[in-house]
Amino acid sequence: MLGADARVVPESWRRRFGAYVYSASDSRLSPTVTRPPTDIVQARLVAREHFHFCRCDSQFHGLGGIGAVVAELISSTFWSFWWD
């Protein structure tokens, strides 16, 4: 994802979840979240968005799959994932 396209998804997260980029590097994006998902349906959708935004499934390796990621997103005020 390049240029303007890379701004659309984080902007959507800001509007929906109060997510603001706390840290960004060449390979990791870490937003702080003021209104995190509160149920499994919302969290599953956000996990899929993370997956597609970074176009890499390595963020899910070693974490027990997408189910574990979903569980972490519920009520989490800090997100962190690869995005290179």
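Is Glu11 buried, partly exposed or exposed? Glu11 counts as partly exposed, at 31% relative accessibility. Welcome to this structure, which is a predicted model. The protein has 84 residues, of which 33% count as buried, and the chain forms three helices and three strands. The points below begin with the overall layout, then turn to the salt bridges, and end with helix α2 and its surroundings.

**Overall layout**

- If you follow the sequence from its start, the helices and strands come in the order α-β-β-α-α-β.
- The three helices are α1, which covers residues 5-17, α2, which covers residues 40-54, and α3, which covers residues 66-73.
- Many contacts bridge long stretches of sequence: among those between residues at least 6 apart, 60% join residues at least 24 apart.
- The protein has an accessible surface of about 5100 Å², and carbon and sulfur atoms account for 56% of that surface.

**Salt bridges within helix α1**

- Side chains of opposite charge can pair when their charged atoms come close.
- How many salt bridges does a search of the whole structure find? The search finds three.
- Glu11 takes part in a salt bridge with Arg14, with 2.5 Å between the closest N and O atoms.
- Glu11 and Arg14 sit three residues apart in α1, so about one helical turn separates them.
- Arg14 is partly exposed, with a relative accessible area of 30%.
- Glu11 also forms a salt bridge with Arg15, and here the closest N and O atoms are 3.9 Å apart. That value falls under the 4 Å cut-off for a salt bridge.
- Glu11 and Arg15 are four residues apart in α1, which again means a separation of about one helical turn.
- Arg15 counts as exposed, at 52% relative accessibility.
- Together, Glu11, Arg14 and Arg15 are linked in a network of salt bridges.

**A salt bridge between helices α1 and α2**

- Glu49 and Arg16 also meet through their side chains in a salt bridge, at 2.7 Å from N to O.
- Because Glu49 belongs to α2 and Arg16 to α1, this pair ties together parts that are 33 residues apart in sequence.
- Both partners are partly exposed: Glu49 has a relative accessible area of 26%, and Arg16 has one of 37%.

**Where helices α2 and α3 meet**

- The axes of α2 and α3 come within 8 Å of each other, crossing at roughly 115 degrees.
- Which hand does the crossing of α2 and α3 have? The crossing is right-handed.
- On the α2 side, the residues that meet α3 are Ile40, Ala43, Arg44, Val46, Ala47, Arg48 and His50.
- On the α3 side, their partners are Ile66, Val69, Val70 and Leu73.

**A nonpolar patch on the surface**

- Which residues make the nonpolar surface patch of about 290 Å²? Ile40, Val41 and Leu45 make this patch.
- Leu45 is found in α2 and is partly exposed, with a relative accessible area of 47%. This value is over the 30% that a patch residue needs, so Leu45 meets that requirement.
- Ile40 appears in two of these pictures: Ile40 helps make the surface patch, and Ile40 is also among the α2 residues that meet α3.

Key. Residues numbered from 1 in each chain as written. Predicted model: local features only at pLDDT ≥ 70, side-chain atom pairs only at ≥ 80, totals over all residues. Heavy atoms only, no water. Patch = residues over 30% accessible without salt bridge, like charges linked within 9 Å, V, L, I, M, F, W, Y side chains within 5 Å. Areas by Shrake-Rupley, 256 points an atom, 1.4 Å probe, with all protein chains shown as cover. Helix = DSSP H or I, 4+ residues; strand = E, 2+ residues; numbered from the N terminus. Buried < 20%, exposed > 50% of the residue type's maximum accessible area, 1.4 Å probe, protein only. Axes fitted to C-alpha atoms, helices over the stretch in contact; angles between N-to-C directions. Left-handed = near helix turned anticlockwise from the far one by under 90°. Contact = heavy atoms within 4.5 Å.
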